[in-house]
2 protein chains.
Amino acid sequence: MRRPDTKEIILDTAERLFAGRSFSSVSLREITAEAGVNLAAVNYHFGSKDALLLAVFRRRAVDLNRERLNLLREAEARAGDGPAPLYDILHALVCPPIRWTQQPGSGQSVFIQFMGRVRTDGTPEMRNLMDREVGHLQPFAAALARTLPGLPQAEIYWRLHFTLALMHYTITDLRRLDAISGGICDLADTDALIARMVGFAVAGFEAPVAA
Amino acid sequence: MRRPDTKEIILDTAERLFAGRSFSSVSLREITAEAGVNLAAVNYHFGSKDALLLAVFRRRAVDLNRERLNLLREAEARAGDGPAPLYDILHALVCPPIRWTQQPGSGQSVFIQFMGRVRTDGTPEMRNLMDREVGHLQPFAAALARTLPGLPQAEIYWRLHFTLALMHYTITDLRRLDAISGGICDLADTDALIARMVGFAVAGFEAPVAA
DNA sequence: CATTGATTCAAGCAAACGTATGAATTAAAC
DNA sequence: GTTTAATTCATACGTTTGCTTGAATCAATG
């Protein structure tokens with residue numbers, strides 16, 4: 001039996017380092033050194049650097065999307081037969097990842113940053129995997145269509161896209177808001193942040209369709 | 001006299017390759033080979049790989065921000081003594097970069113992608129340079145404060161941040177919208193895209209302040 | 001205690017990396 | 001036409017890269 005579980009330590013360390021810098025700039029030597037394991041352990045347990053990358057991704061991606069879907073289902077259940085409120089749908093979409101970013105120590109916050117890295121630095125194989133992940137967004141599109149029956153299908157996707165933009169950019173570039181605003185924005189209040197973001201998105205969804 | 005201008009060719013090639021992949025995964029050998037110049041040319045003309053990176057950034061960043069500021073000033077001039085319309089301000093902010101993405105061959109479209117790379121993959125030195133660049137956003141914050149006198153200062157920065165999110169995410173991840181929507185969104189119509197985006201942002205700015 | 005299968009380890013491989021160098025080449029100045 | 005400075009070139013240096021290997025170590029089974 002392996003007490004410290006080498007495999008898991010490698011995943012944690014790799015996740016953390018990949019969250020901060022590009023994949024190719026993080027070497028296996030750096031990962032294994034920081035993890036306190038032998039260099040060869042990565043290739044023994046995962047096969048290659050690319051495979052390690054995929055393993056890091058898979059470990060938590062499923063959980064994240066399940067959490068979002070659960071929130072959506074709860075919102076729909078509360079609504080009974082009627083359509084779920086717009087606010088609740090968008091809240092279910094952006095709340096889990098933002099919450100995860102504020103869970104230091106659990107590894108979830110690091111994973112969210114890691115996801116941001118994958119978005120821009122992923123291998124083609126990884127991109128495909130992420131695009132398949134977006135299949136999990138379909139229930140959200142369907143719920144939105146029920147709540148906003150007047151909005152064309154394409155328009156729903158556009159605005160869903162914009163809402164994801166708010167979420168992803170806030171996750172990866174919140175530091176820049178600090179620079180722009182001169183520090184007058186309170187970045188620590190997660191609940192207020194989520195409320196602000198969802199409020200912005202709700203208004204955007206309710207905007208008139210451009211001619 | 002150097003007819004093909006080695007320096008410029010290197011900048012163009014580096015910009016293009018860096019736009020597509022992370023900095024550390026693009027080698028000088030790859031750049032120089034593709035540019036058709038000698039390997040040593042980079043270190044001769046720029047000094048180092050990092051310095052080349054900075055040179056690529058500097059070459060066009062100023063132009064982009066000047067273009068935005070010009071649009072803002074035009075909008076303010078049209079408004080006379082009154083505040084500029086919200087739509088015009090946000091349009092001035094997001095229009096240039098989005099337009100640049102649709103100028104194939106000019107190098108501008110590649111630069112916008114390159115900027116997206118810098119956001120997530122820049123050296124600390126580069127990050128600082130970008131954060132200094134955001135100083136150019138202050139005129140926009142000021143214009144917004146005049147147009148929306150009831151909105152608290154911090155709220156203005158939050159919503160400015162969200163608007164930048166729409167822009168950046170749309171630039172870097174438009175391809176994903178295609179995957180989510182199953183291709184029913186027309187990504188080619190730039191004017192419609194800008195109108196949609198600005199419309200979304202305007203509604204977000206006009207949303208009530210969360211309790 | 002001996003055996004077996006799973007892991008860890010130190011060491012090393014070939015390849016690719018950024019950078020440096022001195023000679024060859026080019027273009028302009030005189 | 002000779003001189004001078006700027007540029008290009010082939011080549012090489014020292015590191016670092018991802019990955020492999022065969023022996024050593026470990027935990028559990030018989």
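**Exercise 1. The contact between the chains**

Find how many residues each chain gives to the contact in this predicted model, and which elements of chain A supply them.

*Solution.*
1. Count each side. Chain A gives 45 residues and chain B gives 45 residues.
2. Assign the side of chain A to elements. Those that give two or more residues to it are α6, α9 (153-181) and α10 (190-206) of chain A.
3. Pick the main contributor. α9(A) gives the most, with 21 residues.
4. Sort the side of chain A that touches chain B by class. There are 23 nonpolar, 13 polar and nine charged residues.

**Exercise 2. Relating the copies**

Work out which operation superposes chain A on chain B, and name the relation.

*Solution.*
1. Take the transformation. A rotation of 180° with 0.0 Å of shift along its axis superposes chain A on chain B, with an RMSD of 0.1 Å.
2. Name it. This is the relation of a two-fold axis.
3. Compare the interface residues. Of those in chain A, 100% are also interface residues in chain B, so the copies meet through the same surface.

**Exercise 3. The nonpolar cores**

Locate the largest nonpolar core and the residues with the most contacts inside it.

*Solution.*
1. Size the core. It has 94 residues.
2. Find its best-connected members. Leu166(A) and Leu166(B) have the most contacts inside it.
3. Find the main source. α9(B) supplies the largest share, 13 residues.
4. List contacts of Leu166(B), leaving out residues up to four places away in sequence. Leu166(B) touches Phe162(A) and Ala165(A), as well as Met197(B), Phe200(B) and Ala201(B).
5. Look for another core. A second, separate one has 20 residues, including Ile10(A), Ile31(A), Val56(A) and Trp100(A).

**Exercise 4. Helix α1 of chain A**

Test the length of α1 (residues 6-20) of chain A against its expected span, then describe its buried residues.

*Solution.*
1. Compute the expectation. At 1.5 Å a residue, the 15 residues should span 21 Å.
2. Compare. The end C-alpha atoms are 22 Å apart, which agrees.
3. List the buried positions. In α1(A) these are Ile10(A), Leu11(A), Thr13(A), Ala14(A), Glu15(A) and Phe18(A).
4. Find the cover. It includes α2 (28-35), α3 (40-45), α4 (49-78) and α6 (108-121) of chain A.

**Exercise 5. Placing Leu174(B)**

Decide whether Leu174(B) is buried, partly exposed or exposed.

*Solution.*
1. Locate the residue. Leu174(B) sits in helix α9 (residues 153-181) of chain B.
2. Count neighbours. Leu174(B) has 15 C-beta neighbours inside 10 Å.
3. Apply the cut-offs. Buried needs 20 or more, and exposed needs 12 or fewer. Leu174(B) therefore counts as partly exposed.
4. Add a distance. Leu174(B) and Asn70(B) are 104 residues apart in sequence, and their C-alpha atoms are 27 Å apart in space.

Methods: Residues are numbered from 1 along each chain as its sequence is written. Chains are lettered from A and ligands numbered from 1 in the order in which they are written. This is a predicted model: local features need pLDDT of at least 70, side-chain atom pairs count only at pLDDT 80 or more; totals for chains, interfaces and linings use all residues. Helices (H or I, at least four residues) and strands (E, at least two) are DSSP runs, numbered from the N terminus. The expected span of a helix is 1.5 Å times one less than its number of residues. Two residues are in contact if their C-beta atoms, placed from the backbone, lie within 7 Å. Ala, Val, Leu, Ile, Met, Phe, Trp, Tyr, Cys and Pro count as nonpolar, Asp, Glu, Lys and Arg as charged, and the others, Gly among them, as polar. A nonpolar core is a set of buried Ala, Val, Leu, Ile, Met, Phe, Trp, Tyr and Cys residues joined through C-beta atoms within 7 Å. Copies are superposed by least squares on the C-alpha atoms of residues with pLDDT of at least 70 in both.
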